[in-house]
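Work through the exercises below with the structure in view. Each one has a solution in short steps.

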Amino acid sequence: MRELHHFIGGKKVMGTSGRFADAYQPMTGEIISQVPLANSAEVRAAVLNAKAAQPAWAAVNPQRRARVMMKFLELMTRENEALAELLAREHGKTIADAKGDIQRGVEVVEFAAGIPHLMKGEFTDGAGPGIDIYSMRQALGVVAGITPFNFPAMIPMWKFAPAIACGNAFILKPSERDPGVPLRLAELMIEAGLPAGILNVVNGDKESVDALLDDPDIAAIGFVGSTPIAQYIYGRAAATGKRVQCFGGAKNHMVIMPDADMKQAVDGLMGAGYGSAGERCMAISVAVPVGEGTAEELMRHLIPRVESLKIGPSTDSSADFGPLVTGAHLQKVRDYVDIGVTEGAKLCVDGRGFKMQGYENGFYLGGCLFDHVTKDMRIYKEEIFGPVLSVVRAQNYEEALALCNDHEYGNGVAIYTRDGDAARDFTSRVQVGMVGVNVPIPVPLAYHGFGGWKKSIFGDLNQHGPDSIRFYTKTKTVTSRWSSGIKDGASFIMPTMG
Ligand code: NAD
């Protein structure tokens, strides 16, 4: 078992708080590292280091900042196998899925490499006599990102790539459950030419997060994680005057219309419901067949597919999904399955008895499938974050739409149909931030924004895409007049260009 470190000022720094968290290898259940949990003095030291480095970085011209991103992309190609292997070992997802996690992060780095164009301001020539108006975007200073366990490569890159490209210094507080990849990403950014102090990784738990939220030298906080923590972070950081965006939990529905291509819908449900053991904020956790005939046909196809899911260790390239992240999380998901049975839902496929031969201490759960789930049940209302799919039968389209709209989460949703009118009505009226039409996981690409609605977001700007540049910069607008346009004499009326 190895002791991990922080990464501050361009180098590894061992923890001094004396507090540690165990990080596991989910496929075997072993503890593989001790993660140092920073105290507020360690966080403050990292912030001061970043604060000292930031002005010089902001003064580097954007094309040169972009070149660091481009070099980092080269290194990510070189390191792809090793990073995927490390990610899968710490998180539990399969190596193929880990590569997808890395790839969706890399795409945001590619987007951020366009920073010379993305940061351009606006200009009005001749707004009045001799008067020009222009706006510029400037970095905020030191900003911080607090990220969840489930995408340990993608979400850190979603945060630090646009922030750093804009000229900010960044403090990343990754999940204490799988910090190995984030630490490695920071080393690679330094190898790519990023000056020391611009990307720092501070490991920790609530104590370090609170220190970041209260730090007077942090200008903005970006958070991704569960809704209760998102709400807490939003309130506490906003109270200190910071710019804040917090992305929370989810309960994503897939509506299956009677005219849907059932094979495509079932394929979509299998991947989106059970991929990564359901530990995705865009996982489909509720299937809503419209009409009894659709529901019966769906269950006829779905049950054998869920029964034949292949669960395996992260290293098994033929596995559909691997173990859950920790024993505690496994227990929580199992408890939800018990709750569903007690609540009266019909457990059509029960994965609770699944044992992985040769990996008896790993955190495995077989795929679970509930039918006849109703909207008053806890397994419908709450986020489970495991390989558990609930089927809620709707009598008609309006009832299916109302289910999506009445749920307190609004991250992602999908509709499967061949009817353009139904799809158009759904995309227009559904109260959810990211919508798929015959697409089960509608995560927008890097140059569009990612963000849910309702309890899935606190704040108003999305991740990546143009919103990320808005979030990580402040706009300054200059009105300039040169002497040829200046008339003699003071004017005491409100200036207009009329
Ligand atoms: P989590 O909320 O437990 O932890 C997220 C981060 O917050 C971690 O860095 C953790 O150390 C920190 N944290 C935890 N408790 C804290 C506390 N009391 N005070 C301060 N900081 C605290 O989330 P998780 O279990 O790591 O990740 C899974 C959750 O993230 C799910 O709810 C999932 O839906 C959500 N998620 C959302 C998105 C999105 O974009 N909406 C993306 C991925 C994951």
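**Exercise 1.** Sort the residues of the shell around the ligand into nonpolar, polar and charged.

*Solution.* This is a predicted model. Start with the nonpolar group: the shell holds 15 such residues. Next come nine polar residues. Five charged residues complete the division. Together, 29 residues surround the ligand. Lys 173, Glu 176, Arg 177, Ser 226 and Glu 383 are the closest.

**Exercise 2.** Find which polar atoms of Thr 147, Arg 177 and Gly 248 approach the ligand.

*Solution.* Take Thr 147: its backbone N or O atom is 2.8 Å from a ligand oxygen. Move to Arg 177: a polar side-chain atom lies 2.7 Å from an oxygen atom of the ligand. Finish with Gly 248: a polar backbone atom lies 2.8 Å from a ligand nitrogen. Now consider cover: on its own the ligand has 840 Å² of accessible area, and the protein covers 89% of it.

**Exercise 3.** Locate the ligand's site and the parts that build its shell.

*Solution.* First, the site: the ligand takes up the space of the largest pocket. Second, the elements: α8 (206-214), β11 (218-224) and α9 (227-239) each give two or more residues to the shell. Third, the domains: domain 1 (2-248 + 456-478) and domain 2 (252-437) each supply at least three shell residues.

Terms used. Residues are numbered from 1 along each chain as its sequence is written. This is a predicted model: local features need pLDDT of at least 70, side-chain atom pairs count only at pLDDT 80 or more; totals for chains, interfaces and linings use all residues. Side-chain values use heavy atoms; hydrogens and water are left out. A residue is near a molecule or strand if one of its heavy atoms lies within 4 Å of it. A polar contact is a pair of N or O atoms within 3.5 Å; within protein, one must be able to donate a hydrogen and the other to accept it, and residues adjacent in sequence count only if both atoms are side-chain atoms. Accessible areas come from the Shrake-Rupley method with a 1.4 Å probe; for residues, only the protein chains shown count as cover. On a 1 Å grid over the protein atoms alone, a cavity is a set of points where a 1.4 Å probe fits but cannot get out, and a pocket is an open set with protein on both sides within 12 Å along at least five of seven lines; lining residues have an atom within 4 Å of a point. A molecule sits in a cavity or pocket if more than half of its atoms lie within 2 Å of its grid points. Helices (H or I, at least four residues) and strands (E, at least two) are DSSP runs, numbered from the N terminus. Ala, Val, Leu, Ile, Met, Phe, Trp, Tyr, Cys and Pro count as nonpolar, Asp, Glu, Lys and Arg as charged, and the others, Gly among them, as polar. Domain bounds come from an automatic or database domain assignment.
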